[in-house]
Amino acid sequence: MALFGNNYDYFLGYALSGGGAKGFAHLGALRVLEKCELKPDIIAGTSAGALAGVFYADGYHPEEIADLFRKREFREFVELTIPKTGFLKSTGLHSFLKKNLRARRFEELQMPFCAVATDWNRATTVVFSNGDDLVDAVVASCSVPVVFSPQHIHGVQYVDGGLLKNFPVSVIRKKCRYVIGVNVSLMLPPAGKNNIRTMMERTFNLMSNSNTLFDKTYCDVLIEPQGIEKFSMFDLNNQKIIMEAGYHYAALKMSEKESWRIVEKCHKHYQLTKKISTQIDRFRGGKS
C-alpha cells in the first residue's frame, strides 16, 4: 500500500546477497535489525540470501533459522551424481526446505519474498515472487554451476542467481522507500595452494563481486561483515563465528547517525500505519 508518496509499494525492503556458508552472517544482521524494531515489507535474496530470506519471510526468527542448520553437514543437503551438468544434486536441500517451510506458495509467506536465479540458456536474471514454485525457486537460486546440477522449473534450467545478480538490491529498489542491504560476499583472499575447490570458489567469487558493485550504490544502509572472507562457501562448521561477525558489523552500521535516521523514519511510519488502521477499524465498526 503506497502510503508514503512517490508511488512506493513498500516502505522498507531487505536485500540479502549470496555467499555460501557466509550467509550465516545474514542471521546475525537480522538479529540486530530486530533489536532496532525494524520489520521489512519485502525481502529479496540470492543464493544463501534466498535461503535465509525465505525462512525469515516464513516467520522464523534468526535464531530459529540457525537452529535448523546447527550440527548439520554439507553432505546432508546434496547427493552425488554422474557429473554431466554438475557433481552434486541438491535433493537434500529440496527435502530440507519442503520439510521445514510452513508455506508452500510464495503467497503463503508472511511477507513478500523474491528469490533470484539465473536462466542458464537465456543468460538472464529471473526473479521468482509468486506461485507454487517456492521451494524449487530457492533451490535454483542456490545451485552453483558445475558443483550442482541445474534446477529445472517448467522445463527451464536455472542456476545460482549470483552469476549475474549476487546482491539483489535493484530487484526491489524502485518499489521501496528504503532498502537495507547485507552483502556477505566480499573478495576472497587467494588460496595458499590451488585445487579444484579453491579455484572454483575464487572464480565464482570474482564473478559475483563484480556484479555487486552496481547494487551496492542503491542501498540506503549497506552492511558488510568483515573477516568472514576466509571461510569456504561450503563451511557449515563455523556457523557461530560467522553469525557473530554479521551481528557485530550490523550493530556498528546501525549505530551510525545516517542509519539511525532511517530507523526513526521507519518507526514514524509504523506509528502512522497503526493510527490509520485504528481509524479504519473504528469507521467500519461505526458503520456496522
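Two residues are in contact when heavy atoms of theirs lie within 4.5 Å. In this predicted model, 75% of the protein chain's contacts with a separation of 6 or more join residues 24 or more positions apart. The chain has 288 residues, and 53% of them are buried. Its secondary structure consists of 10 helices and 11 strands.

**Surface**

- The protein chain exposes about 14300 Å².
- Carbon and sulfur atoms supply 53% of that exposed area.

**Strand β2 and its neighbours**

- Strand β2 covers residues 42-46 and is mostly covered, with five of its five residues buried.
- In a regular strand, side chains alternate between the two faces of the sheet.
- In β2, I42, A44 and T46 point one way, while I43 and G45 point the other way.
- The residues on both sides of β2 are all buried.
- β2 runs parallel to strand β1 (residues 10-16), and four bridges join the two.
- Across this pairing, Y14 stands opposite I43 of β2.
- β2 also runs parallel to strand β5 (residues 113-119), again with four bridges.
- Here I43 stands opposite F113 of β5, so I43 has Y14 opposite it in one pairing and F113 opposite it in the other.- β1, helix α1 (residues 24-35) and β2 together make a β-α-β unit, and this unit is right-handed.

**Aromatic pairs around F55**

- The model holds nine aromatic pairs.
- One of them joins F55 and F69: the ring centres are 6.4 Å apart and the planes stand at 90°, so this pair is edge-to-face.
- The F55 and F69 pair links distant parts of the chain, 14 residues apart, with F55 in helix α2 (residues 48-57) and F69 in helix α3 (residues 62-69).
- F55 and F69 are both buried.
- F55 also pairs with F96, at 6.0 Å centre to centre and with 65° between the planes, which is again an edge-to-face arrangement.
- The F55 and F96 pair links distant parts of the chain as well: F96 belongs to helix α4 (residues 91-100), 41 residues from F55 in α2.
- F96 is buried, as is F55.
- F55, F69 and F96 belong to one aromatic cluster, together with F24 and Y60.

**Charges over rings**

- Y60, a member of the aromatic cluster, has the charged end of R102 over its ring, 4.0 Å from the ring centre.
- The ring of Y178 has the charged end of R177 over it, 4.4 Å from the ring centre.

**T212, a buried loop residue**

- T212 lies in the loop between helices α7 (196-210) and α8 (213-216).
- The relative accessible area of T212 is 0%, and buried means under 20%, so T212 counts as buried.
- Leaving aside residues up to four places away in sequence, T212 touches N166, F167 and N183.

Notes: Residues are numbered from 1 along each chain as its sequence is written. This is a predicted model: local features need pLDDT of at least 70, side-chain atom pairs count only at pLDDT 80 or more; totals for chains, interfaces and linings use all residues. Side-chain values use heavy atoms; hydrogens and water are left out. Buried means under 20% relative accessible area, exposed over 50%, partly exposed in between (1.4 Å probe, protein chains only). Accessible areas come from the Shrake-Rupley method with a 1.4 Å probe; for residues, only the protein chains shown count as cover. Two strands pair if DSSP finds at least two bridges between them. A crossover is right-handed if, with the strands pointing away from the viewer, the path from the first strand over the helix to the second runs clockwise. Rings of Phe, Tyr and Trp (its six-membered ring) pair if their centres lie within 6.5 Å; planes under 30 degrees apart count as stacked, over 60 as edge-to-face and the rest as tilted. A charge sits over a ring if NZ of Lys or CZ of Arg is within 6 Å of the ring centre and within 35 degrees of the ring normal.
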